[in-house]
Amino acid sequence: MTAEHNKANKEHKLGQNTIQESKKNSNVPKQHYGFFTATAMVIGIVIGSGIFFKADEVLNYTGGDIWLGILVFCIGAFGIIFGSLTLTEFSLRTKGSGGVVNYYEDFVSEKVASGFGWFQTFVYFPTITAVVSWVAGIYTCLLFGLNNTLENQIGIGFAYLVLFFLINIVSVKFGGYMQNLSTSIKLIPLVGIALVSIFWNSNIPAIPEGVTLITSREVGIGWLAALAPVAYSFDGWVAVTSITSEVKNPKKNMTLALIIGPIVVLTVYVMYFLGLNKMLGPEYIMSVGDGAVNLVGEMLLGGYGNRIILTLIIIAVLGVVNGIVLAGLRMPQALASKGMLPFSSKVEVIWPKINLSIWSCVISFAITTFWMAAHYFTQKWNLLSGGDISEISIVFSYTSYLILYAKIMTMRKENRITSNFKGIICPIFATMGSLIILVGGFLSNPVYVTFFLLFCFVVCVIGYWYYRES
């Protein structure tokens, strides 16, 4: 009887272990993304609408100096490239989900990770998703000749938002395919204008009647303010770290994606910036502003060129929406799996059919919808003096990486990293890049940048406090 009892007890424990192991494995995402998708996410998220419509702002801040503008783009990429090289040291040493949040958890502090995770989940991803969806709505109105009111822009943007949430929830693979396709398409106008400009010999167009001429001028150290629009143009690269656990052979593929992606983006940006200036001239671009790129479409493709360019821009913007949604809807589940959210036991459960957490998707969609409504009211009443809610998170995001860069240098001191290049040079350059972007942000809008930094810090404190008390 005792033998039978012991056998039954042993079988019961074995069964319980099997159930626990099964549950554990059910909450681990499958690896279904390859190197190209990871790289396409970096390129696709970074190259959105910013490069098409930030060239005039860069030139205005640099006083029309083309080469100073290129320097600004290089500085922007400087922080990203060395930041990527630095963060890969964490990705090689962790297998957890959550991207940068996991780096904070494994190498800094679980409480700090919770704070940063709350910032990414409740501010960073949803504000950028809402604003970029709105931008897609603007260009859709222009393309189809719709009444370009804020209400129409927001309505169409929200429809895009719903569409891409559904796409990435129904099929994670299809979402990846969308990212690859949109990344390839959005490069067409950028590379096309750059290549055509090499053989372009026509005269620079005259400034249209009724448009105030802005001439080249000396700006002193004011050119540093150009780092604000450049930071916007380069932002989003780190979002790809959130799918590390879903990438095949992440040690190789993620490392390469975080290195190659930013270099490709910088090359494309510089080529496009030079090509646009050769065809139109800096004074035309500064004077006409966002309409400059549309003229290039007409010059190259005739009467339908404007519509073709707008179509390609919409695809580019929607590629950003897809990439941010793809990364953002995983964040609540990643936090819940670490016990950093209320009701974590429900939110962390991944449904096998879609390989995602339904509750994570619901939370992400709800928060993004909230921020889109907030964006509508801030734009309607001009509460941010021409800015938008995405500015809340961009500068803070760059600033928050300083902690991780410092940690890498500490790991080198402890000989956990043996390479001086990876453990000293890369984090020092990455730190310099972040600080330069922070200074540029303050110069462009000191009052609102200060407010935004404080707001994001409060969100981090709430996340920190929740984890400490839980």
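Visitor: Among contacts between residues at least 6 apart in sequence, what share joins residues at least 24 apart in the protein chain?

Guide: That share is 80%. Keep in mind that you're looking at a predicted model.

Visitor: OK, then what is the chain built from, helices or strands?

Guide: Helices: the chain has 19 of them and zero strands. Of its 470 residues, 55% are buried.

Visitor: Since it's a prediction, what average pLDDT does the protein chain have?

Guide: The average is 84, and 87% of the residues score at least 70. Look at the extremes too: helix 16 (residues 358-380) has the highest confidence, with a mean of 96, while helix 1 (residues 2-26) has the lowest, with a mean of 46. Over residues 5-27 the pLDDT is below 50, and that stretch has five contacts in the model beyond near neighbours in sequence.

Visitor: And how should I treat a low-scoring part?

Guide: Where pLDDT is low, don't read the predicted coordinates in detail.

Visitor: Let's try a helix pair. At roughly what angle do the axes of helix 4 and helix 9 cross?

Guide: Roughly 50°, with the axes of helix 4 (residues 66-91) and helix 9 (residues 227-234) coming within 9 Å. An angle between 35 and 65 degrees is called oblique, so helix 4 is oblique to helix 9. The crossing is right-handed.

Visitor: Which residues make that contact?

Guide: Helix 4 brings Val72, Phe73, Ile75, Gly76, Ala77 and Ile80, and helix 9 brings Leu227, Val230 and Phe234. By type, the residues of this contact are eight nonpolar, one polar and no charged.

Visitor: Now a single residue. Where is leucine 92, and which residues does it touch beyond its neighbours within four places in sequence?

Guide: Leucine 92 lies in the loop between helix 4 and helix 5 (100-107). Leaving those neighbours aside, leucine 92 contacts Lys251 and Thr255. Try a C-alpha to C-alpha distance as well: leucine 92 and methionine 254 are 8.7 Å apart in space, though 162 residues apart in sequence.

Visitor: Why does leucine 92 count as partly exposed?

Guide: Partly exposed covers the range between 20% and 50% relative accessible area, and leucine 92 has 28%, so that's its class.

Visitor: What about serine 400: buried or exposed?

Guide: Buried, because its relative accessibility is 8%, and the cut-off for buried is under 20%. Serine 400 is in helix 17 (residues 391-413). Not counting residues up to four places away in sequence, serine 400 touches Tyr104 and Phe116.

Technical notes:
Residues numbered from 1 in each chain as written. Predicted model: local features only at pLDDT ≥ 70, side-chain atom pairs only at ≥ 80, totals over all residues. Heavy atoms only, no water. Axes fitted to C-alpha atoms, helices over the stretch in contact; angles between N-to-C directions. Helix = DSSP H or I, 4+ residues; strand = E, 2+ residues; numbered from the N terminus. Parallel < 35°, antiparallel > 145°, perpendicular 65-115°, else oblique. Left-handed = near helix turned anticlockwise from the far one by under 90°. Contact = heavy atoms within 4.5 Å. Nonpolar A, V, L, I, M, F, W, Y, C, P; charged D, E, K, R; others polar. pLDDT = per-residue confidence, 0-100. Buried < 20%, exposed > 50% of the residue type's maximum accessible area, 1.4 Å probe, protein only.
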